[in-house]
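I opened the model today to look up a few things. My notes follow in the order I went.

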There are 2 protein chains.
Amino acid sequence: MSQLPHATNVSELSGLKVACKDCSLFQLCLPVGLGGPDLALLDRVIKRRHVLKRGEYLFRPGDPFVFVYAVRSGSIKTYTPIRDGADQVTGFHLPGELLGLDAINTETHQCGAVALETSSVCELPLNRLEELGSVITNVQRQMLRIMSKQILHDQALQVLLCKRSAEERLAALLLSLSNRYKRRGFSATEFDLSMSRQDIASYFGLAEETVSRLFSRFQEQGLIEVTRKHVRLRDLPRLASMVGAPERLD
Amino acid sequence: MSQLPHATNVSELSGLKVACKDCSLFQLCLPVGLGGPDLALLDRVIKRRHVLKRGEYLFRPGDPFVFVYAVRSGSIKTYTPIRDGADQVTGFHLPGELLGLDAINTETHQCGAVALETSSVCELPLNRLEELGSVITNVQRQMLRIMSKQILHDQALQVLLCKRSAEERLAALLLSLSNRYKRRGFSATEFDLSMSRQDIASYFGLAEETVSRLFSRFQEQGLIEVTRKHVRLRDLPRLASMVGAPERLD
DNA sequence: CGAATCCTTGAACACCTTCAACAGGGGTGG
DNA sequence: CCACCCCTGTTGAAGGTGTTCAAGGATTCG
């Protein structure tokens with residue numbers, strides 16, 4: 001990969017000025033529950049604002065595990081290659097969410113991560129977090145909680161894939177995006193999908209055509225208005241009623 | 001729940017004698033990678049041999065999170081209740097495997113856990129593990145790795161549910177059980193299923209009838225011999241060839 | 001402006017489900 | 001200890017949800 005020193009430096013310079021305590025994602029990301037001194041320590045090992053353009057890779061399957069990443073802006077999809085050369089999309093990640101947790105055990109990324117739009121991430125060196133951990137157990141505890149949350153999320157997805165129809169799966173995704181955007185201060189009812197129909201289809205084990213048809217049907221039913229990537233949720237209550245509590249993907 | 005003091009005491013007395021370092025599951029459970037002094041500390045906070053009979057619950061959805069459990073013997077299934085009153089089976093757990101990790105974040109169990117046969121577990125009080133963690137970071141690191149492994153497992157299941165046929169899913173389960181039994185010193189080709197057809201069906205999002213038919217078909221094809229719960233794998237290579245690397249559930 | 005990609009829609013087909021009936025074991029009570 | 005019963009598992013036939021194949025339209029980007 002060729003470097004772009006000027007652009008990189010500029011963005012890092014501006015990025016480095018934002019300490020965790022001043023980050024707008026403070027409530028969503030790793031630092032939740034940490035006090036002032038802990039935060040200052042944490043700030044020392046976190047490198048901010050690695051910027052990715054749409055389609056750029058954060059890491060690829062087989063890459064050695066170096067960092068856990070926190071999404072700062074934009075959105076990133078993770079995928080795992082399967083036989084037949086195809087990819088399985090394993091997740092969509094919004095600002096404040098952590099990435100690469102599955103690589104801790106093997107020290108090798110099994111998944112890849114690609115920016116769905118221009119995005120930036122913080123790099124968290126897990127080794128150094130562990131050093132800190134012996135001083136501030138809060139960071140360690142926080143890591144455990146985040147991974148626990150991820151496991152819970154995976155179980156919700158399992159229920160969705162096992163027990164729910166294509167219709168209910170798409171409803172769950174729209175609802176999840178709505179909730180996550182809302183928590184980040186964006187509109188809960190109107191947003192742009194950064195992922196393609198094919199990405200959604202892969203994520204849920206459906207055919208691209210099925211997803212496309214569902215968007216059309218949801219529109220006919222007055223549930224949503226959709227034109228290409230832009231979505232407006234017109235009946236949030238009815239969407240919510242399609243998704244049971246254990247299937248919530250937030 | 002009524003107590004059975006005599007039986008409980010007997011089993012606990014015999015159980016308490018086995019320190020982690022002498023446990024046959026040493027290579028599979030939490031202690032892997034820990035040195036002698038660390039192990040001695042760990043032993044102090046782990047309570048051994050809570051015994052469960054078939055059908056008894058280790059915890060239920062909604063229970064407060066107190067312990068992480070390590071299976072010592074037998075097998076335990078986890079499930080999550082879904083609307084319609086039905087249950088979704090979320091996992092089958094063999095000796096050496098950890099249980100209840102999804103409750104760390106909310107401090108409440110979302111899942112329940114039931115013994116599929118007479119089983120025993122060790123209780124790991126996570127709070128006290130965290131105390132230790134500030135002394136021996138190895139325990140913390142080990143917890144992170146185990147949770148990372150779980151996340152990887154969940155992704156494999158996601159691929160299986162999204163991209164693979166009923167046939168391939170069952171092959172993946174049989175192969176997983178084979179590998180896991182083998183690692184525990186049992187036969188890789190002949191064992192008893194502790195879970196029902198319905199449990200398997202629920203786990204994979206299939207109908208009970210489909211699972212039953214698949215067992216029959218596998219037998220017709222000479223892949224396995226099966227009578228009720230007893231299974232003999234007759235063509236391990238061919239079974240393995242049905243399951244891609246990213247879908248391995250081990 | 002052209003090419004490639006993404007999205008949409010239609011029709012036939014396939015895998016798995018659902019409904020139904022029955023067989024067989026294991027446990028329980030007599 | 002045996003008989004009964006219930007639960008688990010098995011097998012068949014019809015039906016449905018989603019897939020596959022096919023073609024065309026729209027959008028973006030070089």
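I began at DNA strand C. Helix 7 of chain A gives the largest share of the surface near this strand, with six residues. I note here that the model is predicted.

Next I asked which residues come nearest to DNA strand C. Of the 18 around the strand, they are A:S196, A:S212, A:S216, B:S165 and B:T210. Both chains are thus on my list for this strand. I then looked up the elements that give two or more residues to this surface. From chain A these are helix 6 (197-204) and helix 7. From chain B they are helix 5 (166-183) and helix 7. I sorted the surface by class as well. Near DNA strand C there are eight charged, six polar and four nonpolar residues.

Then I turned to DNA strand D. Which helix gives the most to the surface near this strand? I found helix 7 of chain B, with six residues. Around DNA strand D there are 18 residues, and A:S165, A:T210, B:S196, B:S212 and B:S216 come nearest. I checked which elements supply at least two residues each. Chain A brings helix 5 (166-183) and helix 7 (208-220). Chain B brings helix 6 (197-204) and helix 7 (208-220). By class, I noted four nonpolar, six polar and eight charged residues near DNA strand D.

After the DNA I went to the place where the chains touch. How many residues of each chain are in contact with the other? I got 37 residues of chain A against 37 residues of chain B. On the chain A side, strand 5 (87-93), helix 3 (126-135) and helix 4 (137-163) each supply at least two residues. Helix 4 of chain A has the largest share of that side, 20 residues. I split this side by class too: 14 nonpolar, 15 polar and eight charged residues.

Last, I looked at strand pairing within chain A. I took strand 8 (residues 119-125) and searched for partners. Strand 1 (residues 47-52) of chain A pairs with strand 8 of chain A in the antiparallel sense, over four bridges. In this pairing I picked out A:L52, which stands opposite A:S119 in strand 8 of chain A. Strand 3 (residues 67-73) of chain A also runs antiparallel to strand 8 of chain A, and six bridges join them. There I marked A:Y69, opposite A:E123 in strand 8 of chain A. I closed the notebook on that pair.

Key. Residues are numbered from 1 along each chain as its sequence is written. Chains are lettered from A and ligands numbered from 1 in the order in which they are written. This is a predicted model: local features need pLDDT of at least 70, side-chain atom pairs count only at pLDDT 80 or more; totals for chains, interfaces and linings use all residues. A residue is near a molecule or strand if its C-beta atom, placed from the backbone, lies within 6 Å of it. Ala, Val, Leu, Ile, Met, Phe, Trp, Tyr, Cys and Pro count as nonpolar, Asp, Glu, Lys and Arg as charged, and the others, Gly among them, as polar. Two strands pair if DSSP finds at least two bridges between them. Two residues are in contact if their C-beta atoms, placed from the backbone, lie within 7 Å.
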